[in-house]
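Let's take a walk through this structure together, one neighbourhood at a time. Have the viewer open and follow along as we go.

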Amino acid sequence: LEVSGNAPGFEFGDAVPATPCAGLCATSYTWSATRGNETLTATLTFTYVGAVEKGDALRVTLPGFKREAELVVKLGDSSTLVQVQSWSSDDVLTLVFTAAVSLTDAGTTLQLIGFRGPTRGIVQNQRNFTLQYNISAITADWSEARAVETVPPMEKAAVVTNLRMASLNAS
């Protein structure tokens with residue numbers, strides 16, 4: 001948004017930032033596994049505008065995903081900058097990441113280690129993943145992230161039947 005005027009001694013400068021977004025603006029997901037039900041590392045890359053203060057949070061829902069015994073979460077290179085809560089309900093894993101410190105220079109890559117992808121896989125352009133933020137400088141409640149990229153696909157898990165196992169054991 002460009003703002004201008006011609007009154008003597010009056011200057012606007014950059015009255016409005018060039019970024020057309022406030023809050024969490026863009027995200028992308030990547031998985032280390034290509035097939036469902038495999039232990040994986042997920043990487044969530046995001047862009048935010050505005051300061052993220054201690055106590056601000058990000059909520060991610062991952063349908064069909066299962067948490068393993070230990071979940072390691074890193075923001076940038078540190079595992080101490082965010083605290084994580086997680087729970088499963090109706091086959092949906094929900095993760096809430098809360099900033100342990102102000103994150104102005106912490107980076108924008110969240111790495112999650114220690115869970116499994118959905119057994120049924122992920123179809124191309126699947127849209128039932130949600131990403132919300134609660135950044136105190138911008139909103140008083142949860143807001144949906146804008147410009148969330150398509151979640152990458154994942155093949156169905158390999159199924160080994162008892163008949164196949166019996167034939168493998170016999171050989």
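**Around a buried aspartate**

Setting aside residues within four places in sequence, Asp56 is in contact with Ala51, Phe97, Thr98, Ala99, Asn134, Ile135 and Ser136. Please keep in mind from the start that this is a predicted model. You will find Asp56 in the loop between β2 and β3. Which side chain of opposite charge is nearest to Asp56? That is Lys54, but it is 12 Å away, and Asp56, although buried, has no salt bridge. What the side chain of Asp56 does reach is the backbone nitrogen of Glu53, at 2.8 Å.

One of the contacts of Asp56 is Phe97, and that makes a good next stop. Phe97 is found in strand β6. Is Phe97 buried or exposed? Its relative accessible area is 3%, so Phe97 counts as buried. Beyond its neighbours within four places in sequence, Phe97 is in contact with Asp56, Ala57, Leu58, Val60, Val73, Gln83, Val84, Leu110 and Leu112. Take Gln83 from that list: Phe97 and Gln83 are 14 residues apart in sequence, yet their C-alpha atoms are 5.6 Å apart in space.

Now let's look at the strand around Phe97. β6 is mostly covered, with six of its eight residues buried. It belongs to an open sheet of five strands, arranged in the order β5-β6-β3-β8-β9 with antiparallel pairing. The edges of this sheet are β5 and β9, each of which pairs on one side only. As a general reminder, strands of a sheet pair through backbone hydrogen bonds, either parallel or antiparallel.

How many bridges join β5 to β6? There are eight, and the two strands run antiparallel. Val84 has Phe97 in β6 as its bridge partner, while Ser86 stands opposite Leu95 in β6. The hairpin of β5 and β6 has two residues between the strands, and Asp90 there takes a positive phi near 50 degrees. On to the pairing of β6 with β3: seven bridges join these strands, again in an antiparallel arrangement. Here Pro63 has Val92 in β6 as its bridge partner.

From the sheet we can move to the nonpolar core. The largest one has 35 residues, and those that touch the most other members are Tyr29, Trp31, Leu58, Leu62, Phe65, Leu110 and Phe115. At least two residues of this core come from each of β1, β2, β3, β4, β6, β7 and β8. Which strand gives the largest share of this core? It is β2, with five residues. To see one part of the packing, centre your view on Leu62: apart from neighbours within four places in sequence, it is in contact with Tyr29, Trp31, Val92, Leu93, Leu95, Phe115 and Phe129.

**Charged pairs**

Side chains of opposite charge can pair when their charged atoms come close. Counting pairs with a side-chain nitrogen of Lys or Arg within 4 Å of a carboxyl oxygen of Asp or Glu, the model has three salt bridges.

Let's begin with Asp91 and Lys66, whose closest N and O atoms are 2.4 Å apart. Asp91 lies in the loop between β5 and β6 and Lys66 in strand β4, so this salt bridge ties together parts that are 25 residues apart in sequence. Asp91 is partly exposed at 42% relative accessibility, and Lys66 is partly exposed at 41%.

Strand β4 also holds Glu68, which pairs with Arg116 in strand β7; the pair therefore ties together parts that are 48 residues apart in sequence. The closest N and O atoms of Glu68 and Arg116 are 2.8 Å apart. Glu68 has a relative accessibility of 24% and so counts as partly exposed, and Arg116, at 29%, is partly exposed too.

The remaining salt bridge is formed by Glu155 and Arg35, with the closest N and O atoms 2.9 Å apart. This pair links distant parts of the chain, 120 residues apart: Glu155 is in the loop between β9 and α1, and Arg35 is in the loop between β1 and β2. Glu155 is partly exposed, with a relative accessible area of 45%, and Arg35 is partly exposed with 30%.

Conventions. Residues are numbered from 1 along each chain as its sequence is written. This is a predicted model: local features need pLDDT of at least 70, side-chain atom pairs count only at pLDDT 80 or more; totals for chains, interfaces and linings use all residues. Side-chain values use heavy atoms; hydrogens and water are left out. Helices (H or I, at least four residues) and strands (E, at least two) are DSSP runs, numbered from the N terminus. Buried means under 20% relative accessible area, exposed over 50%, partly exposed in between (1.4 Å probe, protein chains only). Contact means heavy atoms within 4.5 Å. A nonpolar core is a set of buried Ala, Val, Leu, Ile, Met, Phe, Trp, Tyr and Cys residues joined through side-chain atoms within 4.5 Å. Lys and Arg count as positive and Asp and Glu as negative; His and the chain ends are not counted. A polar contact is a pair of N or O atoms within 3.5 Å; within protein, one must be able to donate a hydrogen and the other to accept it, and residues adjacent in sequence count only if both atoms are side-chain atoms. Two strands pair if DSSP finds at least two bridges between them.
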